[in-house]
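Work through the exercises below with the sequence and the structure in view. Each task is followed by a solution in steps.

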Amino acid sequence: MSLSTYTPEKKMAAKRSEIVINFKATPHVLFAGQCSGESCNRLIINIQPDEGITLYFGLKIPGVGYQVKQVGMDFRYKSLSDQPLPDAYERLLLDAMEGDSTLYPRSDTLELSWQLMDPVLAY
């Protein structure tokens, strides 16, 4: 699994955060045209700016024969609504201003987290 983050501060072309999971290749190639590299079957989780999930895999072409084509299944959150989606921090700040604590941890959870992490940090 690899985590790719592109930010303007790094002088990269685009600001993008994603998680790419490359699945292992099959031990042997069964069909002609079947991809056999490491990146044939992969799951990409787009975190920002275009939140969504893409899955790439080999699919047998319908009909007679055993030809395989690489295809992708793609889902984007923006396809659910015509309204612009807020960035993650915009959502959290709006929730805080409106008093909605659904996405925030409770205070007892935070205290327990610090009790667990303090010894690790001290070590």
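**Exercise 1. Find what share of the contacts in the protein chain with a separation of 6 or more joins residues 24 or more positions apart.**

Solution. A contact means heavy atoms within 4.5 Å. Among the contacts with a separation of 6 or more, 27% join residues that are 24 or more positions apart.

Before going on, note the basis of these values. The model is predicted, so local features need pLDDT of at least 70 and side-chain atom pairs count only at pLDDT 80 or more, while totals for chains, interfaces and linings use all residues. Residues are numbered from 1 along each chain as its sequence is written, and side-chain values use heavy atoms, with hydrogens and water left out.

**Exercise 2. Describe the order of helices and strands in the protein chain.**

Solution. Start with the elements: the protein chain has five strands and two helices. These are DSSP runs (helices H or I, at least four residues; strands E, at least two), numbered from the N terminus. Then read along the sequence: the pattern is β-β-β-β-β-α-α.

**Exercise 3. State how much of the protein chain is buried, and what surface the chain exposes.**

Solution. Buried means under 20% relative accessible area, exposed means over 50%, and partly exposed lies in between (1.4 Å probe, protein chains only). By this rule, 11% of the 123 residues count as buried. The exposed surface of the protein chain is about 10,200 Å², and carbon and sulfur atoms supply 61% of it. Such areas come from the Shrake-Rupley method with a 1.4 Å probe; for residues, only the protein chains shown count as cover.

**Exercise 4. Locate N46 and list what it touches.**

Solution. First, the place: N46 is part of strand β3, residues 42-48. Second, the cover: N46 counts as buried because its relative accessibility is 11%. Third, the neighbours: leaving out residues up to four places away in sequence, N46 touches S17, E18, E51, G52, T54 and R76. Take S17 from this list: it is 29 residues from N46 in sequence, yet their C-alpha atoms are 6.4 Å apart.

A second pair can be handled in a similar way. N22 belongs to strand β2, residues 16-22, and is partly exposed at 29% relative accessible area. Between the C-alpha atoms of N22 and I44, 22 residues apart along the chain, the separation is 8.6 Å.

**Exercise 5. Trace the salt bridges of R76, then look at the pair R106 and D108.**

Solution. Side chains of opposite charge can pair when their charged atoms come close. The rule for a salt bridge is a side-chain nitrogen of Lys or Arg within 4 Å of a carboxyl oxygen of Asp or Glu. The structure holds four of them.

Step one: R76 meets D50 at 3.1 Å, N to O. R76 is in strand β5 (residues 68-76) and D50 is in the loop between β3 and β4 (52-60), so this pair ties together parts that are 26 residues apart in sequence. D50 is partly exposed, at 27%.

Step two: R76 also bridges to D74, with the closest N and O atoms 3.4 Å apart. D74 counts as exposed at 52% relative accessibility. D50, D74 and R76 are thus linked in a network of salt bridges.

Step three: R106 bridges to D108, with the closest N and O atoms 2.5 Å apart. R106 counts as exposed at 57%, whereas D108 is partly exposed at 39%.

**Exercise 6. Classify the aromatic pair in the structure.**

Solution. Rings of Phe, Tyr and Trp (its six-membered ring) pair if their centres lie within 6.5 Å; planes under 30 degrees apart are stacked, over 60 edge-to-face, and the rest tilted. The structure holds one such pair. The ring centres of F75 and Y77 are 5.0 Å apart and the planes are at 75°, so the pair is edge-to-face. Both residues are partly exposed: F75 at 31% relative accessibility and Y77 at 42%.
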